[in-house]
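Reader: I would like to go through this model and ask what lies behind each label. Please set the values against the cut-offs as you answer.

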Amino acid sequence: MLPVKKPTRKYHTLEEIRLRKEELANAIQQDSTKFSSLWNQAFIKREGSTKGEYISGLIANSITAIDAFLLIRKLMKGYGTLFGKSEKKSKRKH
């Protein structure tokens, strides 16, 4: 996809440049304010968690960790090692 060329403005006086600079500064400030509010909403600390919610989160994380461990164990058993590197040494017959 080709980039879209935006029409460029031609400035004839310093006053036009100053006005454009102020417009851009205002737009940047508005974007910064919007970005800050979205960032803060994404990382809100939840104060109202109860003991039950804490324990249920702990159990859910534990189940996920155990599931990941069992999956890795099953893959290692089925494929030997990860990424095709074998640690087994070939046995020579005398």
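Author: The answers below take up the helices, the salt bridges, a surface patch and one polar contact of this predicted model.

Reader: How many helices and strands are there in the protein chain?

Author: The protein chain has two helices and zero strands. Helix H1 covers 14–42, and helix H2 covers residues 51–79.

Reader: How do you know that the span of H2 is close to the expected one?

Author: H2 has 29 residues, and its first and last C-alpha atoms are 42 Å apart. The expected span is 1.5 Å times one less than the number of residues, and for H2 that comes to 42 Å. The two values agree, so the span is called close to expected. After H2 comes glycine 80, with a positive phi near 85 degrees.

Reader: Why is the pair of arginine 9 and glutamate 23 called a salt bridge?

Author: The cut-off is 4 Å between a side-chain nitrogen of Lys or Arg and a carboxyl oxygen of Asp or Glu. Arginine 9 and glutamate 23 have an N to O distance of 3.5 Å, so the pair qualifies. Arginine 9 lies in the segment before helix H1 and glutamate 23 in helix H1, so the salt bridge ties together parts that are 14 residues apart in sequence.

Reader: Which other pairs meet the salt bridge rule?

Author: The count by this rule is three. Arginine 20 and glutamate 23 pair at 3.3 Å, N to O. These two residues are three apart in helix H1, about one helical turn. Glutamate 15 and arginine 18 have their closest N and O atoms 3.9 Å apart, which is within 4 Å, so this pair counts too. Glutamate 15 and arginine 18 are also separated by about one helical turn in helix H1.

Reader: What makes Arg9, Arg20 and Glu23 one network?

Author: Salt bridges that share partners join them. Glutamate 23 pairs with arginine 9 and with arginine 20.

Reader: Are glutamate 23 and arginine 20 buried, partly exposed or exposed?

Author: Partly exposed runs between the 20% limit for buried and the 50% limit for exposed. Glutamate 23 has a relative accessible area of 41% and arginine 20 has 26%, so both are partly exposed. Glutamate 15, at 46%, and arginine 18, at 47%, are partly exposed as well.

Reader: How much of the protein chain counts as buried?

Author: Of its 94 residues, 1% count as buried. The accessible surface is about 10500 Å², and 61% of this belongs to carbon and sulfur atoms.

Reader: What makes Tyr54, Ile55, Leu58, Ile59 and Ile63 a nonpolar patch?

Author: A patch residue needs over 30% relative accessible area and no salt bridge, and nonpolar side chains are joined within 5 Å. Leucine 58, in helix H2, has 46%, so its accessibility passes that cut-off. Together the five residues have about 530 Å² of accessible area.

Reader: Why is threonine 64 called exposed?

Author: Exposed means over 50%, and threonine 64 in helix H2 has 53%, so the label applies.

Reader: How do you know that threonine 64 makes a polar contact with alanine 60?

Author: The side chain of threonine 64 reaches the backbone oxygen of alanine 60 at 2.9 Å. The limit is 3.5 Å, so the distance satisfies it.

Note on methods: Residues are numbered from 1 along each chain as its sequence is written. This is a predicted model: local features need pLDDT of at least 70, side-chain atom pairs count only at pLDDT 80 or more; totals for chains, interfaces and linings use all residues. Side-chain values use heavy atoms; hydrogens and water are left out. Helices (H or I, at least four residues) and strands (E, at least two) are DSSP runs, numbered from the N terminus. Buried means under 20% relative accessible area, exposed over 50%, partly exposed in between (1.4 Å probe, protein chains only). Patches are made of residues with over 30% relative accessible area and no salt bridge: like charges are joined within 9 Å, nonpolar side chains (Val, Leu, Ile, Met, Phe, Trp, Tyr) within 5 Å. Accessible areas come from the Shrake-Rupley method with a 1.4 Å probe; for residues, only the protein chains shown count as cover. A polar contact is a pair of N or O atoms within 3.5 Å; within protein, one must be able to donate a hydrogen and the other to accept it, and residues adjacent in sequence count only if both atoms are side-chain atoms.
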